[in-house]
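Okay, thanks everyone, let's get going. I'd like to spend a few minutes on the ligand site in this one, and then say a word about confidence. Here it is on the screen.

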Amino acid sequence: MGASLTTEEAKGASIIAKGMNEYFRMHAESINNPERFWGNVARELITWSSDFETVQHGSLDKGNISWFLGGKLNACVNCVDRHALKNPEKYAIIHETDDGDDPRSLTYIELLAQVSKVSWVLKDLGVRKGDVVSIYMPMIPEALVAILACARIGAVHSVIFAGFSSGSIKDRVVDSKSKIILTSDISCRGGKAIGLKKIVDEALADIDDLKTLVFKAGNPNISWTEGRDYWWHEEVEKWPAYCPAEPMDSEDPLFLLYTSGSTGKPKGILHTTGGYLVGAASTGKYVFDIHDHDRYFCCGDVGWITGHTYVVYAPLLLGISTVVFEGTPTFPTHSRYWEIIDKHRVTHFYVAPTALRLLKRAGSSPSSFKMEHLRVLGSVGEPIAPNIWKWYDEEVGKSRCHVVDTYWQTETGSHVITPLAGVTPTKPGAACLPFFGIDAAIVDPVTGQDIPEPNVDGVLVFKSPWPSMARTILGDHRRFHETYLSAYKGYYFTGDSASRDEDGYFWIRGRVDDVINVSGHRLTTAEIEASLIAHPAVAESAVVGVADEITGQAVVAFVSLKKQANTALGDASLSNDLKLHIRKSIGPFATPKSIYVVADLPKTRSGKIIRRILRKVTMGEADQLGDVSTLSDPSVVDAIIKVVEHKQ
Ligand code: WTA
């Protein structure tokens, strides 16, 4: 590949090969003349039933962004119909089940039929254009069918990650006013069956008027509510294999995706149709260098943004085959990914560093697999350490693939800082350069002024709008504006700190807010704290994210108990009880690694909890606490150190 440079090599290298010249030219055009640049890209990659009149309208300052106004299109037609016409027998979805048996792969023409049938079913069950449909499904082809059927009839899909608990489902279906939830009786992962329908039943226990459509994956005894629950296989049988698609305005909502917010309440990030699709297709084309015969395997779950943009939309918009893998990287062996790559002649592999760390540590040996078709290896979700980057490049990619460390967010819709495969010389650990349309800058966190010097940390902002940016938070545009567009006036605030080196390459450091990234799952301290406080024994709680070798960050919680709390259980079983409580109220992935029961939390005189102290104590850096004299009671720190040291 030759594109991978060590930092030292890259410093001496000039990025003026023909490819990079073209990148710089296109990037400059995308910023200086977005009308021409994005107008061309949008017409080249997307099929519009009516052409758009203006390319971009509105400003970050005002928070009224729109793209491709006047244009009409349908996301499902772009992902399915146009390829079903041209290449009906080509695989759209390559299904890999948990144990590798009985896949339900679908060609483009089969996908069109399945999607059409589910579109009819949704209409029949009362779903209309603009209604929200929740989807709580495992990584099976039907999850993609559900998403595309919503898009086909102009309904807004709201996928809820299938690891969320019933409480989280309830919050999301209520906030989004969903009419129906699509689910599956069970989900099979790592050799275990999880009863999804049962979790949905709990979530809907006191919600009226919400229907369910249930895909039958296994044959378990599930409870059934006549008139509310419908079997997927029974309903689809009633309908024809073609359903006309609803023409949508470019700015009509395409989907909602809930993400953790800084108050405990998750926020429904809203993406619209035209701009989002242009972002997905253009990053697929330029970042991943996707060509017609590629077979693309993104390990992200459809419950997160990575699954939306890079399992579903980008590969299908470009008419290639996307691998949908139901299982886990470690079942039945640590070679599962490599087997899938060989079996399906995968050309593109896209994964979070947490999985690579896990596999590397477990002694997985990708070098014993040929993986001869692999061309591009993507990384997403968190910074990738240089030693993992190199393992990925050398062991998985046999030093002949392009490694792209792609930085982006639920809110950005598609990649924003990233190398372009085969074009950008890479440096292990750097997300490299801004994608087209991204006017990135590092600013001083306090003054908001640009930091022109290289290698100085600041916060990462974008100075102008790009097509796939989120448009709002459902029902709370003011919160959207305050969170993203007001911190640094006129700029989009990412919430991440970063620096830029002498070559202009961006190095992402991590969040500056209270977001914690556990195995690529995004959580906030506030939502876990809110869950802990809801437990009857807990008076106060403080949660911190600490570095973890495998999961990137791990959740550590501190709680103080109510006076009347029954502590007869003892701290150990109380902390187990609290862990169970969080599993139930948020989901298993939010479970703290440790919970410390302490007498009191470190607070300022005005009552603000100082999490920095808790983080230092947890990391074994109690000798670097700095000045604690501003605490209302500095002696609580010693007591906390004792509890932590005793437990470690
Ligand atoms: C982090 C996931 C470093 C970052 C696509 C961001 C990354 C948050 C990278 C968004 C990367 C994502 N390098 N950090 N390549 N990619 N992040 O919304 O902190 O689940 O703000 O979207 O993940 O997480 P989200």
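So, start with Arg-522: one of its polar side-chain atoms sits 2.5 Å from an oxygen atom of the ligand. And how much of the ligand does the protein bury? On its own the ligand would expose 530 Å², and 95% of that is buried by the protein. Keep in mind that this is a predicted model, so everything I'm quoting is computed from predicted coordinates.

The backbone joins in too. Gly-381 has a backbone N or O atom 3.1 Å from a nitrogen atom of the ligand, and for Glu-382 there's a polar backbone atom 3.4 Å from a ligand nitrogen.

Now zoom out to the whole shell. There are 17 residues around the ligand, and the ones that come nearest are Asp-405, Thr-410, Asp-496, Arg-511 and our Arg-522. What's the mix by class? We get 6 nonpolar, 6 polar and 5 charged residues. As for where they come from, at least two shell residues each are supplied by helix 11, that's 305-317, by strand 20, 402-406, and by strand 25, 506-511.

Right, confidence. The predictor gives an ipTM of 1.00 and a pTM of 0.93 for the complex. Average pLDDT for the chain is 93, with 96% of the residues scoring at least 70. The stretch to watch is residues 1-16, where pLDDT stays under 50. The model does have 33 contacts there beyond four places in sequence, but where pLDDT is low, predicted coordinates shouldn't be read in detail.

Okay, that's me. Questions?

Notes: Residues are numbered from 1 along each chain as its sequence is written. This is a predicted model: local features need pLDDT of at least 70, side-chain atom pairs count only at pLDDT 80 or more; totals for chains, interfaces and linings use all residues. Side-chain values use heavy atoms; hydrogens and water are left out. A residue is near a molecule or strand if one of its heavy atoms lies within 4 Å of it. A polar contact is a pair of N or O atoms within 3.5 Å; within protein, one must be able to donate a hydrogen and the other to accept it, and residues adjacent in sequence count only if both atoms are side-chain atoms. Accessible areas come from the Shrake-Rupley method with a 1.4 Å probe; for residues, only the protein chains shown count as cover. Helices (H or I, at least four residues) and strands (E, at least two) are DSSP runs, numbered from the N terminus. Ala, Val, Leu, Ile, Met, Phe, Trp, Tyr, Cys and Pro count as nonpolar, Asp, Glu, Lys and Arg as charged, and the others, Gly among them, as polar. pLDDT is the predictor's confidence in each residue, from 0 to 100. Contact means heavy atoms within 4.5 Å.
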